[in-house]
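This report is written for a reader who is meeting the structure shown below for the first time. It begins with the place where the chains meet, and it then turns to the fold and to some features of the backbone.

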There are 2 protein chains.
Amino acid sequence: MKLKLLYACIVFTGLTASALAQDAVDAAATAKIREEGLNHSKVMDIAFNLTDVSGPRLAGSPGLKRAQDWAVAQLKEWGMANAKLEPWGKFGKGWEVQKNYAAITVPYYHAIIAVPKAWTPGTNGPIKGEVVLVKADSVAELDKYKGTLAGKIIIFDTKPLTERTFKSDAARYTDEELDKMAQATMAPRGQRNNAFDPNSPAMVARRKAIGMRTAITAFLLNEKAGLILSQARGTDGTLFTTNGASYADTAKAVAPELETSSEDFQRILRLVKAGKKVELEADIKTEFFTNDLQGYNVVGEIPGTDKKLKEQVIMIGGHLDSWHAATGATDNAAGSAVMLEAMRILKTIGFKPKRTIRIALWSSEEQGLFGSRGYVLNHFGDPKTMELKPEAAKLDAYYNLDNGTGKIRGIYLQGDSAAGPLFKTWLEPFKDLGATTVTISNTGGTDHQSFDAVGIPGFQFIQDAIDYGSRTHHSNQDTYDRLIEDDLKQAATIVASFVYNTSERKDMVPRKPLPTPPTPPAGAPARN
Amino acid sequence: MKLKLLYACIVFTGLTASALAQDAVDAAATAKIREEGLNHSKVMDIAFNLTDVSGPRLAGSPGLKRAQDWAVAQLKEWGMANAKLEPWGKFGKGWEVQKNYAAITVPYYHAIIAVPKAWTPGTNGPIKGEVVLVKADSVAELDKYKGTLAGKIIIFDTKPLTERTFKSDAARYTDEELDKMAQATMAPRGQRNNAFDPNSPAMVARRKAIGMRTAITAFLLNEKAGLILSQARGTDGTLFTTNGASYADTAKAVAPELETSSEDFQRILRLVKAGKKVELEADIKTEFFTNDLQGYNVVGEIPGTDKKLKEQVIMIGGHLDSWHAATGATDNAAGSAVMLEAMRILKTIGFKPKRTIRIALWSSEEQGLFGSRGYVLNHFGDPKTMELKPEAAKLDAYYNLDNGTGKIRGIYLQGDSAAGPLFKTWLEPFKDLGATTVTISNTGGTDHQSFDAVGIPGFQFIQDAIDYGSRTHHSNQDTYDRLIEDDLKQAATIVASFVYNTSERKDMVPRKPLPTPPTPPAGAPARN
């Protein structure tokens, strides 16, 4: 079915010559946008407020609230309409770290680099204990530890991660890579979804590992273990964080758990495996927030001015929430700052758009695109049933930014081949800034998918990766320092220009045929 | 004078054809050494004991003492003769970190990555205070802060270090780079010593900066500042450490000072410069050790067996001391482990050397090659006067290893061109392991210089840098994880083979003419 669609689209694009006339770029407007975006940028100041000033922005946390409140106030200060926090549904508990200290004390003193796993409890004051290596491949094997782990520091046998790679942490796309993306074709659905075979050996092993881990967690809690150390991904002082428990208000209790830098983890593990006594002291305090379990998105608008078209809406956005070990600069203060700056640029040049332009800064993206999914469900329709609301027909397009600090190199069509010629034309004035590539491919893992799921054109820009995968994405090193000013200026300028062009076009951005509601194979876990 | 020497050496090497006969490599012995070194290595176990088990090995610290005691015991266990700690002279105070905790508490909580500067005091229990940016280009400007800094956390305006480089952290020498080294010629002395012009703008600026820093330090101590934050070199959680005060038992008191990861430092600085209130809490405890101000080296021997030649000695060594933020794996547990392993290999294959083989693991290298300089002064002579002792004539050669975990790619002749053909022959059997290059060049910064200074052939091997400069050299990330097992095995095998060849040769390694005592230019600081 997907293949048929692809051919249909190619035939269709062959017929769009007349449509192209309406897509000629307005040179004077582009020049204004470039001047404001490249030479009078506020993007770094915005990013500073979202990162350094607000702090970590885990879903539901006080840090996210600070950033959301700042963004709403800033949108209002710029004169945007309808700037507010809009609830999208129930999320769960907020959580933040309020004390984080751990150190080896025997055989010698060494403060370790480690971060509490999100939504785990603290140690209830300072603790001190011996490290015990727990090895169990089955629940029965845990029995041997019964009655021996109270107050102890628990470590598991885990492979080291610290081999040197001789590859640079940071990179930009090469011309060759971009060419390959431009020439990509969509794989048929069957081929793309192999990973979800619930009976594949990988999925079976994964379910077994999750089951075992759940059993161990319950056992350690019951045994009153003092603290669990688990090895974080990352090297050289960089550590990537995850959650160690559910944010749900009904979540089961777990033991305190520290995601530990691989070097510190392996040092402790090597010593314990060699029969050396290792002791740790720790003082971890985390706080849960349950007074408001709702999730919120930031929204704000530049209202449309064309009598007929102002009911139609163009949306731009990115998620504002982050992980907790740093200030989520590249994931995704960068995208949020660029989108805010794009709004500021359009307002500052005095643009009176035909259609309404709306920004949304999502929350709980990191837990499953919840903010954007909730918003889409409330405004546009349910992807499970494909029952759409009237607003769905009026949302022209959604543009998303969430792939780090790297500049825009082009755009993913997400299979919407009819939009290709349009976007190629719109990228023309930004060739000198390195943005040229239009690819038919999908890219996943972020909020444009929520729109795509109900048939609304939703796009993510192609961005240079820089050190997103190696250093910043969910890590303790995702800080303001990682932001590249020139790249963010370029991105905001291009987004503003895309929004301008979308707003002024006679027709809406062409759509793919509506998706049919997914019918998962029997026995497969539901995809949501 | 140096130029003349170079030509003389070239002529001399032209005449060494007859000497080459004695340097033919013993294939059977090489095979035994390779078998033991490459297939039955203990080098990683040795390194584990020097790093993970002993801990940080700052000069004079309990960690260094643990490593020294372990090395002496290990040498004895292997059956080495005269294994002991040998004092080399007065060093100063020992020092270690016993508690290291610091966190931002306002505007939100964030534990920072930071390490006390070596030989600085602690905070005398937990402290909490506001961060104050101190800006002063002259002592007079400090006056404005009088009476305002008690208990405060001090920060200085410092440029960020955190730009992305797009270069890999780790690298090995390319064939091209090795060729260039092989073709190098010695620069005449005048050209090489320009950096020491005491009136150069760089030196004048340096003296001014040091003077200003000393004045600020005294001022802050007098004002009872709570803690100084200074920006460490390094990014992504890697931070490079230094000392913040002298190790001398007569050293002036200073305020507590934390070398802070550039990301944490810059976050605090950006907030303070933007007028935001920042508070920190910290609890730093450091301990000084003054019961023994002596410095010690580890020594041990395989005694020579040739009636005439056993009075002659070949030495190998590396420094065992490290900086304090990690376990000094590449600087220089690696070199120490390789040298210990080379001794073990030679002992294990049952080698009865003609000449005596002696290992020395130096201390206080990081403060100025003190361990090796003291040893040279006690045994061989004074480089200041060039008055030599009888032992100097009997020390055949000294081989050093101290450039990280990288395998051996060749050897620096340190200007001793007559040794070139010899070493080329000795490297022949290790072509397959990547060791081929003999360069006339000097390399500095480590203990072979102490021998070279009194005219004893002292050599450092060429080693692949890996991530020595970017990640490990003096950093908090110089841990066991950074060691590359295959490289250390290769190095130990080659060192053992060089020692074998040196021991069995009819003649000693040819020497450069004795250096003349240095006569520094008038007004220049003494070089020692």
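## Where the two chains meet

The contact between the chains draws 54 residues from chain A and 54 residues from chain B, and the reader should keep in mind throughout that the model is predicted. The size of an interface is often given as the accessible area lost when the parts come together. Between chain A and chain B the buried area is about 4,100 Å², and carbon and sulfur atoms give 56% of this area.

How many salt bridges does the rule find across the interface of chain A and chain B? There are twelve of them across this interface, while the count over all chains comes to 60 salt bridges. Side chains of opposite charge can pair when their charged atoms come close. Among the pairs that join the chains is the one between D52(B) and R270(A), whose closest N and O atoms are 2.4 Å apart. Because D52(B) belongs to helix α4 (residues 43–53) of chain B and R270(A) to helix α10 of chain A, this pair joins two chains. Another salt bridge is formed by the side chains of D169(B) and R471(A), with a distance of 3.7 Å from N to O.

Counted separately, the residue pairs in polar contact between chain A and chain B, with both residues at pLDDT 80 or more, number twelve. On the side of chain A that touches chain B, the elements that give two or more residues are α4 (43–53), β2 (94–106), β3 (110–111) and α10 (262–273) of chain A. The largest share of this side comes from α10(A), which gives six residues. When the residues on the side of chain A that touches chain B are sorted by class, 20 are nonpolar, 17 are polar and 17 are charged.

## How the copies are related

Chain A is superposed on chain B by a rotation of 180° with 0.0 Å of shift along its axis, and the RMSD is 0.0 Å. That is the relation of a two-fold axis. Of the interface residues of chain A, 100% are also interface residues in chain B, so the copies meet through the same surface.

## The fold of chain A

Chain A is built with 17 helices and 18 strands. Its radius of gyration is 25 Å, close to the 24 Å that the globule rule gives for 528 residues, and chain A is therefore as compact as a globular protein of that length. The C-alpha trace of chain A spans about 75 × 50 × 50 Å along its principal axes.

## Backbone features

Most residues other than glycine have a negative phi, and most peptide bonds are trans. The table lists places in chain A that depart from this pattern, among them two cis peptide bonds and two residues other than glycine with a positive phi.

| Site | Feature | Value |
|---|---|---|
| V106(A) and P107(A) | cis peptide bond | omega about 15° |
| D331(A) and N332(A) | cis peptide bond | omega about 5° |
| N82(A) | positive phi | near 55° |
| N124(A) | positive phi | near 60° |

As for where these residues lie, P107(A) is in the loop between β2 and β3 of chain A, whereas N332(A) is in helix α11 (residues 329–348) of chain A. N82(A) is part of strand β1 (residues 81–90) of chain A, and N124(A) is found in the loop between β4 (114–116) and β5 (127–134) of chain A.

Methods. Residues are numbered from 1 along each chain as its sequence is written. Chains are lettered from A and ligands numbered from 1 in the order in which they are written. This is a predicted model: local features need pLDDT of at least 70, side-chain atom pairs count only at pLDDT 80 or more; totals for chains, interfaces and linings use all residues. Side-chain values use heavy atoms; hydrogens and water are left out. Contact means heavy atoms within 4.5 Å. Buried area is the accessible area (1.4 Å probe) that two parts lose on being put together, summed over both. A salt bridge is a side-chain nitrogen of Lys or Arg within 4 Å of a carboxyl oxygen of Asp or Glu. A polar contact is a pair of N or O atoms within 3.5 Å; within protein, one must be able to donate a hydrogen and the other to accept it, and residues adjacent in sequence count only if both atoms are side-chain atoms. Helices (H or I, at least four residues) and strands (E, at least two) are DSSP runs, numbered from the N terminus. Ala, Val, Leu, Ile, Met, Phe, Trp, Tyr, Cys and Pro count as nonpolar, Asp, Glu, Lys and Arg as charged, and the others, Gly among them, as polar. Copies are superposed by least squares on the C-alpha atoms of residues with pLDDT of at least 70 in both. The radius of gyration is taken over C-alpha atoms; the globule rule is 2.2 Å times the number of residues to the power 0.38.
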